[in-house]
Amino acid sequence: MQQDIRNTVGNVPLEWYDDFPHVGYDLDGRCIYKPLRTQDELDQFLDKMDNPDYWRTVQDPMTGRDLRLTDEQVALVRRLQSGQFGDTGFDPYEPAVDFFSGDIMIHPVTNRPADKRSFIPSLVEKEKVSRMVHAIKMGWIQPRRPRDPTPSFYDLWAQEDPNAVLGRHKMHVPAPKLALPGHAESYNPPPEYLLGEEERAVWEQQEPSERKLSFLPRKFPSLRAVPAYGRFIQERFERCLDLYLCPRQRKMRVNVDPEDLIPKLPRPRDLQPFPTCQALVYRGHSDLVRCLSVSPGGQWLASGSDDGSLRLWEVATARCVRTVPVGGVVRSVAWNPNPTVCLVAVAVEDSVLLLNPALGDRLVAGGTDQLLSAFVPPEEPASQPAHWLEASEEERQVGLRLRICHSKPVTQVTWHGRGDYLAVVLATQGHTQVLIHQLSRRRSQSPFRRSHGQVQRVAFHPSRPFLLVASQRSIRLYHLLRQELTKKLMPNCKWVSSLSVHPAGDNVICGSYDSKLVWFDLDLSTKPYKVLRHHKKALRAVAFHPRYPLFASGSDDGSVIVCHGMVYNDLLQNPLLVPVKVLKGHTLTRDLGVLDVIFHPTQPWVFSSGADGTIRLFS
């Protein structure tokens with residue numbers, strides 16, 4: 001006996017059973033479970049190919065089981081799909097039977113008497129009529145006025161007054177007017193408007209869109225001799241195209257005061273002190289001066305040039321105290337920031353020279369020599385990426401104490417804030433582009449295992465164990481103790497040229513060869529906080545002032561731009577960047593201007609070196 005599995009849930013949406021294993025209940029109250037369907041699309045396709053009754057098998061939504069349609073059911077479905085009636089015995093075209101015959105009957109169909117409401121006035125209608133009469137008396141309902149049969153016409157493209165029909169449309173745009181004819185359109189134009197043979201040939205060779213006039217001016221003896229205009233129909237057609245193809249869009253003009261668009265910046269004289277004029281010029285180099293460095297006390301200045309010499313200057317008098325020939329182009333020079341150590345690091349070709357200039361306090365200079373001579377070499381020297389060599393007696397007379405030799409040319413040298421470590425950038429490919437040397441132990445190491453592009457500049461963080469490495473397109477911030485990458489700054493420049501870190505350590509500026517100066521707030525984002533485009537040519541150097549809220553940039557346009565950069569202790573307040581002065585004085589030589597910029601450690605002065613072989617002090 002076949003089991004009766006009819007679903008007895010009634011008119012209940014079957015979607016309520018989607019999350020349950022059953023689909024309803026049978027007559028005995030037992031759950032009707034959904035059939036297990038484990039077939040995938042491949043099994044269904046095979047079943048479709050093998051089962052001859054697959055095309056007449058449907059799924060019962062009430063029970064979830066597969067039903068095979070009978071021949072009668074299939075015929076019914078096909079009749080309904082073709083638009084026929086479901087009953088095969090129904091004839092839609094059988095003759096109609098009139099319900100009423102055409103014979104007049106003696107007796108009526110119904111003989112009920114008429115209702116009382118058919119001859120007594122309705123009270124409801126009386127109340128409606130009284131309300132309408134009251135509304136007409138009060139003026140709430142106006143009678144319909146007869147329409148004026150005369151049609152109304154108006155000029156579609158005319159300039160209407162505000163009270164006209166089109167004047168009330170706010171987005172109406174009047175059609176562009178044709179330019180009025182000038183002297184060239186005259187039938188007897190002045191001689192200067194007539195084209196010569198050469199001008200006519202040039203006019204014919206030009207494109208129609210490049211011609212000033214769309215026709216050739218001609219001269220006729222009288223108005224009767226003027227022929228019909230050949231391009232009349234074409235110009236009328238183009239005018240029609242202009243009228244209906246022009247964009248009908250009104251540009252909403254905003255009445256804004258131009259003064260409101262200028263940011264509210266403080267006046268430069270309220271941001272003093274900052275360098276304003278040229279005070280001294282240091283002359284002596286015979287070639288371009290690439291690099292500068294100031295002693296920690298601010299009394300002496302070191303400069304390196306392409307003439308193969310290192311010069312030491314007295315800042316206050318612009319007097320050259322000593323000239324040290326180094327036998328090559330000086331790429332970088334850095335004075336040790338420790339005031340108890342008198343050392344200058346000079347990058348010459350593939351070596352770094354450590355010089356004791358013996359300037360200033362003699363005790364400091366003698367203590368520096370004692371510090372260097374106290375080094376005891378280890379019994380088993382370890383393999384290092386650089387070689388430390390002691391200076392000979394002749395070199396010691398000049399001031400040279402140590403020579404660090406590398407395998408590739410050195411492009412930059414910079415000291416750590418404590419004065420014991422110095423970082424070096426080599427002009428090579430691979431992970432040995434950056435080396436870190438320790439002075440006290442005379443040890444060298446390569447901190448990176450792989451390269452991330454050509455390194456341009458490196459800088460130590462002033463207070464934390466971070467090393468900033470600037471490549472062509474990015475600036476990476478490495479934690480030296482954890483030996484991991486902390487941040488990657490994206491300056492969005494084509495080629496980074498220079499780098500400088502704020503004395504507080506939370507802000508970084510970098511210059512690029514595409515005339516951009518980019519300010520980064522390390523606590524804010526890895527994207528630039530501000531991009532300054534004050535220079536017209538490539539930036540060669542940027543620098544922060546150690547004490548004052550100032551930063552400067554030097555460019556190939558021969559100028560030094562000094563900006564006020566105030567960094568607040570309140571983290572919710574953004575830094576204030578205001579350009580305050582453009583300093584000029586260097587002359588362009590070989591398309592090069594200012595090559596290096598550095599601030600005085602204690603005074604609001606800035607030094608700049610240029611391709612003209614001079615060093616200038618602006619105070």
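Is R319 buried, partly exposed or exposed? With a relative accessibility of 46%, R319 counts as partly exposed, where buried means under 20% relative accessible area, exposed over 50% and partly exposed in between (1.4 Å probe, protein chains only).

The model is predicted: local features need pLDDT of at least 70, side-chain atom pairs count only at pLDDT 80 or more, and totals for chains, interfaces and linings use all residues. Residues are numbered from 1 along each chain as its sequence is written, and side-chain values use heavy atoms, with hydrogens and water left out.

**Exercise 1. Describe the salt bridge of R319 and the burial of its partner.**

Step 1. R319 pairs with E314 in a salt bridge of 3.2 Å, N to O; the term stands for a side-chain nitrogen of Lys or Arg within 4 Å of a carboxyl oxygen of Asp or Glu.

Step 2. E314 has a relative accessible area of 18% and is therefore buried.

**Exercise 2. Characterise the salt bridge between R401 and D369.**

Step 1. The closest N and O atoms of R401 and D369 are 2.8 Å apart.

Step 2. The pair links distant parts of the chain, with R401 in strand β14 and D369 in helix α7, 32 residues apart. Helices (H or I, at least four residues) and strands (E, at least two) are DSSP runs, numbered from the N terminus.

Step 3. R401 is buried because its relative accessible area is 10%, whereas D369, at 23%, is partly exposed.

Step 4. Elsewhere, D26, D28 and R30 are joined into one network by salt bridges that share partners. The structure holds 18 salt bridges.

**Exercise 3. Identify the largest nonpolar core and the strands that supply it.**

Step 1. The largest nonpolar core has 20 residues. Such a core is a set of buried Ala, Val, Leu, Ile, Met, Phe, Trp, Tyr and Cys residues joined through side-chain atoms within 4.5 Å.

Step 2. L343, A345, V352, L354, V413, W415 and L439 have the most contacts inside this largest core.

Step 3. At least two residues of this core come from each of β11 (344–348), β12 (351–355), β14 (400–405), β15 (410–415) and β16 (421–426).

Step 4. Leaving aside neighbours within four places in sequence, the contacts of L343 (heavy atoms within 4.5 Å) include L354, W415 and L439, as well as A334, W335 and T368.

Step 5. A second, separate core has 18 residues, among them W300, A302, V330 and L400.

**Exercise 4. Work out the surroundings of Q433.**

Step 1. Q433 lies in the loop between β16 and β17 (434–438).

Step 2. Its relative accessible area is 2%, so Q433 is buried.

Step 3. The side chain of Q433 reaches the backbone oxygen of G430 at 3.0 Å and makes a polar contact with the side chain of S451, also given as 3.0 Å. A polar contact is a pair of N or O atoms within 3.5 Å; within protein, one must be able to donate a hydrogen and the other to accept it, and residues adjacent in sequence count only if both atoms are side-chain atoms.

Step 4. Not counting residues up to four places away in sequence, Q433 touches V424, V425, L426, T428, S451, G453, Q454 and V455.

**Exercise 5. Place H535 and list its polar partners.**

Step 1. H535 is in the loop between β26 (530–532) and β27 (539–544).

Step 2. H535 counts as buried because its relative accessibility is 7%.

Step 3. Its side chain makes a polar contact of 2.7 Å with the side chain of S553, and another polar contact, of 3.4 Å, joins the side chains of H535 and D557.

Step 4. Leaving aside neighbours within four places in sequence, S553 and D557 are among the contacts of H535, which also include S515, G554 and I561.

**Exercise 6. Find the backbone features at P273, A358 and R590.**

Step 1. The peptide bond from Q272 to P273 is cis, with omega near 10°. P273 lies in the loop between α6 (258–261) and β5 (278–283).

Step 2. A358, a residue other than glycine, has a positive phi near 55°. A358 is in the loop between β12 and α7 (362–373) and is partly exposed, at 45% relative accessible area.

Step 3. R590 is not a glycine either, and its phi is positive, about 55°. R590 sits in the loop between β30 (576–584) and β31 (594–599); its relative accessible area is 57%, so R590 is exposed.
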